[in-house]
Amino acid sequence: MNSYKFPDDFMWGVATASYQIEGATTEAGRKPSVWDTFSQTPGKVLHDDTGAIACDHYHRYETDIKLMAQLGVKHYRFSIAWPRIIPDGRGTVNEAGIDFYRRLVDCLHQHNITPHATLFHWDSPQTLEDLYGSWRSREMTKDFADYVTAVVSRLDDRITNWMTINEINCFTHLGYAVNSDPPHAPGTRVNSNKEVWQTSHHALLAHGLATQAIPAASPRPCLVSLVDNISVTVPIYETPENIQAAQQAFHLCGQNGGIIFPALTGAYSPALLERLGKDAPDIQAGDLEIIHQPLDAIGLNIYSGTYVQARDNAVHNYSDRQPGY
């Protein structure tokens with residue numbers, strides 16, 4: 001058997017999301033996110049649980065960070081809550097919200113833990129959902145870029161590792177659906193698959209604009225990345241035929257061809273566009289150039305794989321299990 005060893009400079013760490021752990025959903029100027037609204041709707045979440053208290057990290061972060069330090073954690077990836085920073089999604093910055101993250105990051109540094117900040121982990125301001133349908137509108141991309149600028153310009157002296165968006169498909173393709181109730185917030189029914197794909201296209205645009213905004217707002221050198229939960233295609237047996245089939249299947253498995261492809265290559269997968277036909281998103285001139293920004297790293301959240309076998313048939317059926325929140 002082969003023996004594998006992680007390199008000495010491999011960075012081990014832990015990660016969270018703001019709505020999962022912070023609580024304090026009405027304190028210090030924070031207004032509701034779409035996950036507040038969604039989880040407070042009866043029947044949407046198991047046992048009708050909400051993030052109103054969660055792990056109470058907002059009040060207990062010092063104890064939580066001490067526990068991380070005792071565990072030997074050296075890197076902590078957390079997300080910043082947009083409705084805590086700009087409660088209405090656009091306009092006035094809530095400095096009390098910024099101050100919470102200053103205290104959090106200062107505490108991390110005191111315990112020699114490197115902060116890695118995710119600027120968006122699904123909890124978009126409910127106000128923007130009410131105003132223009134959040135990710136259904138191109139307006140969301142500009143508001144997101146303004147929010148990113150507000151955060152980075154205030155925290156750049158403490159944070160140099162930035163992640164723009166976490167798992168686009170989870171708040172777009174799992175947040176909007178046709179003829180069914182989506183399992184994730186905002187839980188909005190739309191009239192066509194094209195509208196669903198438009199939400200992920202807008203999220204990609206937001207990522208691209210954020211990638212431009214981060215270095216513009218930070219006088220210090222910083223690292224910028226995108227995090228995606230790609231759908232992994234695995235050859236059922238490692239033969240040349242099955243490996244090739246898995247490579248071809250990657251384009252159409254999950255939302256790979258319409259998320260990771262344009263982000264890293266500047267183009268939607270041709271195989272996906274052919275399959276979507278009239279349901280492909282509207283792509284305006286210059287969109288793909290904005291989306292395809294240089295990145296310092298790509299984060300891959302991998303939960304499971306989809307086995308692929310080479311077969312002599314024209315019909316491809318790539319099912320994919322999606323992770324929960």
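Begin by selecting Tyr 58, Tyr 61, Tyr 76, Phe 78, Phe 100 and Tyr 101, which together form one aromatic cluster in this predicted model. Keep Phe 100 in view and add Arg 84: the arginine lies over the face of the Phe 100 ring, at 5.8 Å from the ring centre.

**Further aromatic pairs**

Across the whole structure, a search finds 20 aromatic pairs. For one of them, select Trp 82 and Tyr 147, whose rings are stacked, with 5.1 Å from centre to centre and 15 degrees between the planes. Trp 82 belongs to helix H4 (residues 82-85) and Tyr 147 to helix H7 (residues 139-155), so the pair ties together parts that are 65 residues apart in sequence. Both Trp 82 and Tyr 147 are buried.

Next, select Phe 250 and Phe 261. The centres of these rings are 6.1 Å apart and the planes stand at 40 degrees, so the pair is tilted. Because Phe 250 lies in helix H10 (residues 240-250) and Phe 261 in helix H11 (residues 260-265), the pair ties together parts that are eleven residues apart in sequence. Phe 250 counts as partly exposed, at 21% relative accessibility, whereas Phe 261, at 16%, counts as buried.

**Helix H10**

Remain at helix H10 and colour Asn 242, Ala 245, Ala 246 and Ala 249, which are buried. These residues cover an arc of only 100 degrees around the axis, which puts them on the same side of H10. In an α-helix there are 3.6 residues a turn, so residues three or four places apart point the same way. Now turn to the other side of H10, where Pro 240 and Gln 247 are exposed. To see what covers the buried residues of H10, display the surrounding elements, including strand E8 (232-235) and strand E10 (305-308).

**The sheet**

Now show the strands as a cartoon and find the open sheet of six, which runs in the order E1-E2-E3-E4-E7-E9 with parallel pairing. Strand E1 (14-15) and strand E9 (297-300) stand at the edges; each has a single partner strand, so one side of each is left without a neighbour in the sheet. Add helix H5 (residues 95-110), which packs on the sheet and touches strand E2 (75-79) and strand E3 (114-118). The direction of H5 makes about 170 degrees with that of E2.

Within the sheet, select strand E7 (residues 223-228). Five of the six residues of E7 are buried, so this strand is largely enclosed by the rest of the structure. On one flank, E7 pairs with E9 in the parallel sense over four bridges. Two positions show this pairing: Leu 226 stands opposite Ile 298, and Ser 225 has Ala 297 as its bridge partner in E9. Strand E4 (residues 161-166) also pairs with E7 in the parallel sense, over four bridges.

**Asn 161**

For the last stop, select Asn 161, which has its place in strand E4. Which residue stands opposite Asn 161 in E7? That residue is Leu 223. Is Asn 161 buried or exposed? With a relative accessibility of 16%, Asn 161 counts as buried, because the cut-off for buried is under 20%. Finally, display the contacts of Asn 161: leaving aside neighbours within four places in sequence, they are Thr 114, Pro 115, His 116, Ala 117 and Leu 223.

Methods: Residues numbered from 1 in each chain as written. Predicted model: local features only at pLDDT ≥ 70, side-chain atom pairs only at ≥ 80, totals over all residues. Heavy atoms only, no water. Pairing = 2+ DSSP bridges. Contact = heavy atoms within 4.5 Å. Axes fitted to C-alpha atoms, helices over the stretch in contact; angles between N-to-C directions. Buried < 20%, exposed > 50% of the residue type's maximum accessible area, 1.4 Å probe, protein only. Phe/Tyr/Trp six-rings, centres within 6.5 Å; stacked < 30°, edge-to-face > 60°. Lys NZ or Arg CZ within 6 Å of the ring centre and 35° of its normal. Arc of directions from axis to C-beta.
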